[in-house]
Structures are given as C-alpha cells and as structure tokens.
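Thank you all for coming; I would like to walk through one model this morning, beginning with charged pairs and then moving on to the sheet, one helix and a few backbone details. Please keep the view open while I talk.

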Amino acid sequence: ARPHLPGSRARARQVRLLYIRVMASSCAPAATARLAATLPARTRTFARGLATRNDRRGGARPNRPGAARVPLVFATSTDPKAAAESVDGDIIANNAASLDGKLRTLVVGVADERGDELLAHRNRDPGVLFRHQRWVDAYKLPGQYITITDVDSGKQITKPISVSPYHARSTAPNSDVSVIEILLDSGSDDGDENFFAAAQPPARLKVSPVRGGGFENPLFPEYNLKRAIEHGHSIVCIAGGTRGVGPLRSVMNWPDISSHAGTHPVTLFYLHAGDMETAGQSAAYVQEWDDWREAGAKVVPCYGEFFDDGVFQMQAAIAGSANGGGKFETVLGKDPSKVTVLMAGVSGEESKAVLNIFSALQKVPKEQILIVSEFALKKGK
C-alpha cells in the first residue's frame, strides 16, 4: 500500500528531525546540545534523546538490533485530497540527458489555464503571473518537486523539477500549458522510474501541485538560497549523482544564480559523474556545463567512487588546484562565514564527509548548509 499523506505540520517536523539526525551524526556532543537549545520545546526533547530516537508521534523508532525500520512518508496522488488537487498533463518529449542515453529528460506539459484576462491585466506582483492562481505560480524556488501519475497504468513517481522557475514561466504568458522537466535514470532500481524513463508522447498524466520549500535549512527557516544570494555568499552545490543533479540543474539555470556567478564564486561539485575512462559519458547535462562556466560558475565533475576519488577532487578544487572553469579561482571566497552549501542526492555517509570538509575543516557555519527535502522523494520500503 502507498504511504498515507501526513499533515503539513507533521511533514515539516519530519524534515526537521531528519536534518537533526544528519547534523548530529557529524557534531561533537557539545555541538549537538547547542543545536538542541535553539529548537522548539517538543523538537528539543527529541534532539536531546537522539541516542534512542523515540518519536512519540509514531515516526522513527529506536535504532536497535532487530527493530523494524519505519520509513518516512510522503504525499502521493493516491490520497483523496492530493488527487483532487492534481491537474491534467501530457508527456511532450523524452530526450537524452546523458551522452550514453541512459539518463532521460522527461518534458511534461501541464494544463494551466490563463482564464479570460489579457496580458495587460496581469497582476502587479511579479511572483504571480495572473490575478487568478495558476499551477505554475506555486513554483518559486529551485528544489521544489512534483508527483506525476500515468493515467493508464497508475504508475507514479515523485521527482524534483529540473528546470528553473523562470524557464517554467517562460511558456505561460501566451499559452494554456506550462512546461517543466524532470531527470530520470532508465537503469534505476525503481520500476516506476524506469517506466517513465521509457515513456513516450502522448502519454496522459496527472500532475500534483508543486510542493516543497526548495533548498532550505529545516531548523532555521531564515537560512535559504534567496538569503544567501542577497547576502553575497559564495554558493557551493553538491550533487550526489542523478538524484542530486536534477534539482541542482534548476539552481544553475536560475537567472538569479547566473547573475550572482558574475560577482561571487559559484561552484557545482557533481559526485558520481561516471568513470574517468568514459569522461562524462554517463553524466547528465554535459552539454550545459560550458554554459554554466560562461556565466561564471565552476563545474567540477568528480569521477570514480566518492571515497576513493571524489573526496580528493573536492578538496583539490577547494585548495585551488583543480580546473573547473568559471570566473573565480576560489571556491569559498575569503570569508567562510559567507558561504552557503546546497546538498542534494548525497547519501548519509557522504553527507558526513561533506559536512566534515565544509563545516569542521573549512569553518562554514552549519546553519548555512541547506538541503532539498529528500525524504519526500523516496518511496517507503
């Protein structure tokens, strides 16, 4: 059975607790205590009891031998409310996203009526295209995600949108269709993802509303990507393979980041970019890397296994001895307190290593390490 849709408050709490676990696993006990002191009373109690992981509302259970693992739950369109909110969509195209063709970009057209208003009567608020709410208006930040369901088979996946909000809006003023893209792996261990990776037009879809808050710190909502840009931070993006580069492509193509890269260091580390021998044949969006570099960003593909080669390549780039292009030689700039790190698709052990590099060694404040809400992109197991 599909997992049930929890309330929004419960989902937000799950994100906070997940973030606590990741951070606490890389912190000294004293640091964990300081982190707990900043939290609301209910969450603080949980943080102080991380050793037992006892969520009294029925979430994660103690991680003891023999204990059943309780998966986090996420919204699916099998829930009546979510299904009612879904809109019609179609597959417009299925394009190769990697040179070997194994990664696919699914181009989805979403029915998004303009209504009777003319362009001259648009809303003055730049965040809302028309006075009436449209589907695309909810897509505001890179890292947000959707659930798509094939009408005929019922197969379903939840994935981050891999084009920027600006790109998704570019089709809207003169059309009743908004166009978005998602990145898929045709060789994944998820049968539903493989189904969509092979799907061709004109497949009929149901598309959920856009969800999530993009890249954020669940414990400190004031720390997010927009704040980092406004405060002139260096931006470091860590993409853990296919699952990570999808949402981070929407970051790299976002005009706000393209403009920022002209005046501040912006770096993309692409972990698991393939074998050194194939030089990126299995990596996603290789054709766009030069565009990102021309905008001023540094792109560092980390070939091979993360703990064999990736860590070294990442540290070499930070030290200034790796050529990733871009306008700036440095990755972090002069002040580590003005660095924001975005992570997506990075496994638990890899997250610990990344946190050690940037927080423990480079002194980047932990609250400025942001994640995409990945619990929402996983199926219960």
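Asp112 is buried, and Arg134 is buried as well. In this predicted model, their side chains meet in a salt bridge, with an N to O distance of 3.7 Å. Both residues sit in the loop between strand S2, residues 103-111, and strand S3, residues 145-150, so the pair ties together parts that are 22 residues apart in sequence.

Let me set beside that a second buried pair. Arg249 and Glu181 form a salt bridge whose closest N and O atoms are 2.7 Å apart. This pair links distant parts of the chain, since Arg249 belongs to helix H8, residues 241-252, while Glu181 belongs to strand S5, residues 177-185, and 68 residues separate them. Arg249 is buried, and Glu181 is buried too.

The third pair I want to show is Asp290 with Arg293, whose side chains meet in a salt bridge at 3.5 Å, N to O. Both are in helix H10, residues 286-294, and because they are three residues apart there, about one helical turn separates them. As for exposure, Asp290 has a relative accessibility of 46% and therefore counts as partly exposed, and Arg293, with a relative accessible area of 23%, is also partly exposed. Which residues are joined into one network by salt bridges that share partners? They are Glu181, Arg249 and Glu288, so that the Arg249 and Glu181 bridge I described a moment ago is part of that network. Taken over the model, the count comes to nine salt bridges.

Turning to the cysteines, the count of disulfides comes to zero. Two cysteines may still be worth finding in the view: Cys237 is buried, with a relative accessible area of 0%, and Cys302 is buried, with a relative accessible area of 1%.

Now to the sheet. Five strands form an open sheet with parallel pairing, and their order is S9-S8-S7-S10-S11. Which strands stand at the edges? Strand S9, residues 298-302, and strand S11, residues 369-371, do, and because each has a single partner strand, one side of each is left without a neighbour in the sheet. On average, and with direction ignored, neighbouring strands of this sheet are turned by 20° against each other.

Within that sheet, strand S8, residues 266-271, pairs with S9 in the parallel sense over five bridges, and there the bridge partner of Leu268 is Val299 in S9. Helix H10 packs on the sheet and touches both S8 and S9, its direction making about 145° with that of S9. This is the helix that holds Asp290 and Arg293, so if you have that salt bridge in view, you can follow the helix from there to the two strands.

Next, helix H6, residues 191-198, where the buried residues are Asp192, Glu193, Phe196 and Ala197. Why can we speak of one side here? These residues cover an arc of only 140° around the axis, which puts them on the same side of H6. What covers them includes strand S1, residues 87-96, together with S2, S3, strand S4, residues 156-160, S5 and strand S6, residues 204-207.

I will finish with the backbone. The peptide bond from Pro201 to Pro202 is cis, with omega near 5°, and Pro202 is found in the loop between H6 and S6, S6 being among the strands that cover the buried residues of H6.

Where do the two residues with positive phi that I picked out lie? His272 is not a glycine, yet its phi is positive, at about 55°; His272 lies in the loop between S8 and H10, and with a relative accessible area of 32% it is partly exposed. Lys363, likewise a residue other than glycine, has a positive phi near 65°; Lys363 lies in the loop between helix H12, residues 348-361, and S11, and at 58% relative accessibility it counts as exposed.

That is where I will stop, and I am glad to go back to any of these places in the view.

Note on methods:
Residues are numbered from 1 along each chain as its sequence is written. This is a predicted model: local features need pLDDT of at least 70, side-chain atom pairs count only at pLDDT 80 or more; totals for chains, interfaces and linings use all residues. Side-chain values use heavy atoms; hydrogens and water are left out. A salt bridge is a side-chain nitrogen of Lys or Arg within 4 Å of a carboxyl oxygen of Asp or Glu. Helices (H or I, at least four residues) and strands (E, at least two) are DSSP runs, numbered from the N terminus. Buried means under 20% relative accessible area, exposed over 50%, partly exposed in between (1.4 Å probe, protein chains only). A disulfide is a pair of cysteine sulfur atoms within 2.5 Å. Two strands pair if DSSP finds at least two bridges between them. Axes are lines fitted to C-alpha atoms, for helices over the stretch in contact, and angles run from 0 to 180 degrees between N-to-C directions. Contact means heavy atoms within 4.5 Å. The arc is that of the directions from the helix axis to the C-beta atoms.
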